[in-house]
Amino acid sequence: MKAIVHVVLKKDVLDPQGKAVEAALQTLGFGEVSEVRQGKFFEITLDGHREDASARLDRMCEELLANPVIEDYRITIPDA
Amino acid sequence: MKAVVVVFPGSNCDRDVAVALARCTGCAPILVWHGATSLPPCDLVVLPGGFSYGDYLRAGAIAAHSPIMRSVREAAARGIAVLGICNGFQILTETGLLPGALVRNAGLRFVCRPVDLRVEGDSPFLAGFTPGECIRFPVAHMEGNYQADPETLAGLEAEGRIVLRYVDANGGVTEASNPNGSVAGIAGITSASRRIFGLMPHPERVIGDELGGSDGRRFFAAVADALA
């Protein structure tokens with residue numbers, strides 16, 4: 001099965017890259033943009049049952065994919 | 001003082017710090033590859049600067065799970081001193097040996113220049129300087145912006161564990177003197193035990209006047225005296 005993991009900086013952590021992208025979009029004329037937060041996206045292919053996978057993916061995020069000090073993560077397992 | 005320098009794929013200050021240790025302490029360190037599973041007997045473990053694993057994922061994140069890091073954690077738990085410089089500091093926060101995290105510089109640029117630093121608190125690593133003294137080491141990093149949650153910061157302040165701050169020529173912590181946006185101008189912190197020290201600036205790059213300064217020489221000589 002495939003799982004999708006999004007990792008983003010926590011709301012109160014400054015995201016200078018997102019700010020730079022936001023400013024660039026506004027310069028390009030996309031004035032409706034009020035905020036950009038940049039993050040990471042992982043597409044993970046793994047074996048096992050869906051129920052077990054969710055707990056294992058949680059551990060993967062806690063131990064490596066995200067730094068819980070500064071980042072939040074979201075796991076999605078799309079229906080095959 | 002017996003020192004070990006851990007070499008990760010992508011470390012690039014390992015030789016510099018080895019030379020600095022040899023010249024300033026009179027005792028050459030042992031270089032240990034990250035894939036080793038045990039450390040030789042030592043008084044100090046140094047995690048050097050560089051770009052371990054190309055800074056993939058997050059700076060220091062992959063190195064934090066290198067085989068040798070299990071031994072480094074065990075050594076730290078036994079009270080062996082651990083020094084993390086630049087990427088080494090990032091690795092220490094990623095392993096949880098030091099609190100907080102080092103994120104992208106607020107100015108989004110790689111910063112490479114000498115900075116003025118104020119020494120605070122008591123740490124065996126800064127025994128060569130008097131509290132309040134201002135010294136100068138160079139920085140060279142893209143992810144040196146120290147961040148921690150308010151409780152962690154309050155704890156670090158209360159326990160006197162913020163031992164190096166970026167300051168201006170008058171010793172004041174100002175926005176202009178802060179090269180990367182670090183909260184409270186933090187350049188270096190210690191563990192509660194004072195035996196683990198992480199800093200972004202590079203003392204190994206200023207070990208003689210021909211290199212632009214000798215505060216680094218004082219740093220390593222005093223570390224050897226304090227830890228021997």
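**Exercise 1. In which order do the elements of chain A run from the N terminus on?**

Solution. Keep in mind that you're looking at a predicted model.
- Step 1: take stock of the parts. Chain A has 2 helices and 3 strands.
- Step 2: walk along the chain. Starting at the N terminus, the elements come as β-α-β-α-β.

**Exercise 2. Work out how the strands of chain A are arranged in their sheet.**

Solution.
- Step 1: find the order. The 3 strands form an open sheet in the order β2-β1-β3 (chain A), and the pairing is antiparallel.
- Step 2: pick out the edges. β2 (39–45) and β3 (71–76) of chain A are the edge strands, since each pairs on one side only.
- Step 3: look at the twist, which averages 20° from one strand to the next.
- Step 4: zoom in on one pair. Strand β1 (residues 2–9) of chain A runs antiparallel to β3(A), and 6 bridges join the two. For a spot to check by eye, try L9(A), which sits opposite E71(A) in β3(A).

As background, strands of a sheet pair through backbone hydrogen bonds, and they can do so in a parallel or an antiparallel way.

**Exercise 3. Describe the overall build of chain A in numbers.**

Solution.
- Step 1: compare with a globule. For 80 residues, a compact globule would have a radius of gyration near 12 Å, whereas chain A comes out at 16 Å.
- Step 2: box it in. Along the principal axes, the C-alpha atoms of chain A fill a box of roughly 45 × 30 × 15 Å.
- Step 3: ask about burial. Of the chain's 80 residues, 12% count as buried.
- Step 4: turn to contacts. Take the contacts in chain A between residues at least 6 apart in sequence: 66% of these join residues at least 24 apart.

**Exercise 4. Is A53(A) buried, partly exposed or exposed, and which residues does A53(A) contact outside its own stretch of sequence?**

Solution.
- Step 1: locate the residue. A53(A) belongs to helix α2 (residues 50–65) of chain A.
- Step 2: count neighbours. A53(A) has 18 C-beta neighbours inside 10 Å, so this residue counts as partly exposed; buried would take 20 or more.
- Step 3: list the contacts. Setting aside neighbours within four places in sequence, A53(A) touches M1(A), A3(A), L46(A), G48(A) and I77(A).
- Step 4: check one of them. M1(A) is 52 residues away from A53(A) along the chain, yet their C-alpha atoms are separated by 9.1 Å.

**Exercise 5. How many residues does each chain bring to the contact between chains A and B?**

Solution.
- Step 1: split the contact by chain. Chain B supplies 12 residues and chain A supplies 9.
- Step 2: sort the chain B side by class. There you'll find 5 nonpolar, 4 polar and 3 charged residues.

**Exercise 6. Work out how helices α1 and α5 of chain B pack.**

Solution.
- Step 1: get the geometry. Helix α1 (residues 14–25) and helix α5 (residues 215–227) of chain B meet at an angle of about 70°, and their axes are 9 Å apart.
- Step 2: put a word to the angle. Angles of 65 to 115 degrees count as roughly perpendicular, so α1(B) and α5(B) are roughly perpendicular to each other.
- Step 3: name the residues. α1(B) contributes A20(B), L21(B), C24(B) and T25(B), while α5(B) contributes G216(B), R217(B), F220(B), A221(B) and A224(B).
- Step 4: sort them. The contact of α1(B) with α5(B) has 6 nonpolar, 2 polar and 1 charged residues.

**Exercise 7. Trace the surroundings of strand β10 in chain B.**

Solution.
- Step 1: check burial. In strand β10 (residues 186–190) of chain B, 5 of its 5 residues are buried.
- Step 2: look to one partner. Strand β9 (residues 162–167) of chain B runs antiparallel to β10(B), with 3 bridges between them. L164(B) has G188(B) as its bridge partner in β10(B).
- Step 3: look to another partner. β10(B) also pairs with strand β11 (residues 196–199) of chain B, antiparallel and over 3 bridges. Here I189(B) faces G198(B) in β11(B).
- Step 4: inspect the turn. The hairpin of β10(B) and β11(B) has 5 residues between the strands, and R194(B) there takes a positive phi near 70°.

Terms used: Residues numbered from 1 in each chain as written. Chains lettered and ligands numbered in written order. Predicted model: local features only at pLDDT ≥ 70, side-chain atom pairs only at ≥ 80, totals over all residues. Helix = DSSP H or I, 4+ residues; strand = E, 2+ residues; numbered from the N terminus. Rg over C-alpha atoms; globule rule 2.2 N^0.38 Å. Contact = placed C-beta atoms within 7 Å. Nonpolar A, V, L, I, M, F, W, Y, C, P; charged D, E, K, R; others polar. Axes fitted to C-alpha atoms, helices over the stretch in contact; angles between N-to-C directions. Parallel < 35°, antiparallel > 145°, perpendicular 65-115°, else oblique. Pairing = 2+ DSSP bridges.
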